[in-house]
Amino acid sequence: MKGTPWGQLPVLEFNGNQLAQSATIARYLARKFKLTGKDEWEAAKCDEYVDAANDLFAGNLLTLTSIELNAFHVFKALLQF
Ligand SMILES: N[C@@H](CCC(=O)N[C@@H](CS)C(=O)NCC(=O)O)C(=O)O
């Protein structure tokens with residue numbers, strides 16, 4: 001995608017600046033709107049779920065068991081949070 005920082009979408013535009021990478025955008029918005037939990041531990045758990053979801057979509061969790069099982073664990077954790 002021409003005109004974006006890494007040639008990709010999504011891009012968040014704010015005050016004339018561009019921020020790319022979906023997880024980076026999510027973390028920025030979570031911090032901005034105070035959605036990172038009540039303490040550093042909950043913030044770290046947020047990061048854990050984002051990184052696990054990224055592993056899932058990148059296929060990095062496929063080697064453990066099955067994609068369905070790992071998807072179940074990631075999305076179960078996301079829903080409980
Ligand atoms: N790691 C990036 C991946 C973004 C990505 O793969 N974007 C695709 C569309 S989903 C893209 O913009 N590809 C270039 C194109 O379609 O021109 C993120 O999480 O934001």
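What percentage of the 81 residues of the protein count as buried? Just 1% of them do. Keep in mind that this is a predicted model.

**Overall layout**

Let's start with the big pieces. The protein has 3 helices and 2 strands, and walking along the sequence you meet them in the pattern β-β-α-α-α. The strands are E1 (11-14) and E2 (17-20). Two of the helices are H1 (22-32) and H2 (40-58), with a loop between them. As for contacts between residues at least 6 apart in sequence, 16% join residues at least 24 apart.

**The hairpin**

E1 and E2 pair up in the antiparallel sense, with 4 bridges between them. Together they make a hairpin with 2 residues in between. Where the strands face each other, phenylalanine 14 sits opposite asparagine 17 of E2. In the turn you'll find asparagine 15, whose phi is positive at about 55°.

**Backbone oddities**

A bit of background helps here: most residues other than glycine have a negative phi, and most peptide bonds are trans. This model has some departures to look at. Asparagine 15, in the loop between E1 and E2, has a positive phi without being a glycine. Lysine 34 does likewise, with a phi of about 55°, and its place is the loop between H1 and H2. The peptide bond departure is a cis bond that joins leucine 9 and proline 10, with omega at about 5°. Proline 10 belongs to the segment before strand E1.

How exposed are the two residues with positive phi? Asparagine 15 counts as exposed because it has 4 C-beta neighbours inside 10 Å, and the cut-off for exposed is 12 or fewer. Lysine 34 has 8 such neighbours inside 10 Å, so it counts as exposed too.

| Residue | Phi | C-beta neighbours inside 10 Å |
|---|---|---|
| Asparagine 15 | about 55° | 4 |
| Lysine 34 | about 55° | 8 |

**Around the ligand**

Which residues surround the ligand? They are Met1, Gly7, Gln8, Leu9, Pro10, Gln21, Ser22 and Ala23. By character, this shell splits into 4 nonpolar residues and 4 polar ones, with no charged residue. Leu9 and Pro10 are both part of the shell, and they are also the pair joined by the cis peptide bond. Ser22 and Ala23 are in the shell as well, and their numbers fall within helix H1 (22-32).

Notes: Residues are numbered from 1 along each chain as its sequence is written. This is a predicted model: local features need pLDDT of at least 70, side-chain atom pairs count only at pLDDT 80 or more; totals for chains, interfaces and linings use all residues. A residue is near a molecule or strand if its C-beta atom, placed from the backbone, lies within 6 Å of it. Ala, Val, Leu, Ile, Met, Phe, Trp, Tyr, Cys and Pro count as nonpolar, Asp, Glu, Lys and Arg as charged, and the others, Gly among them, as polar. A residue is buried if 20 or more other C-beta atoms lie within 10 Å of its own, exposed if 12 or fewer, and partly exposed in between; C-beta atoms are placed from the backbone. Two residues are in contact if their C-beta atoms, placed from the backbone, lie within 7 Å. Two strands pair if DSSP finds at least two bridges between them.
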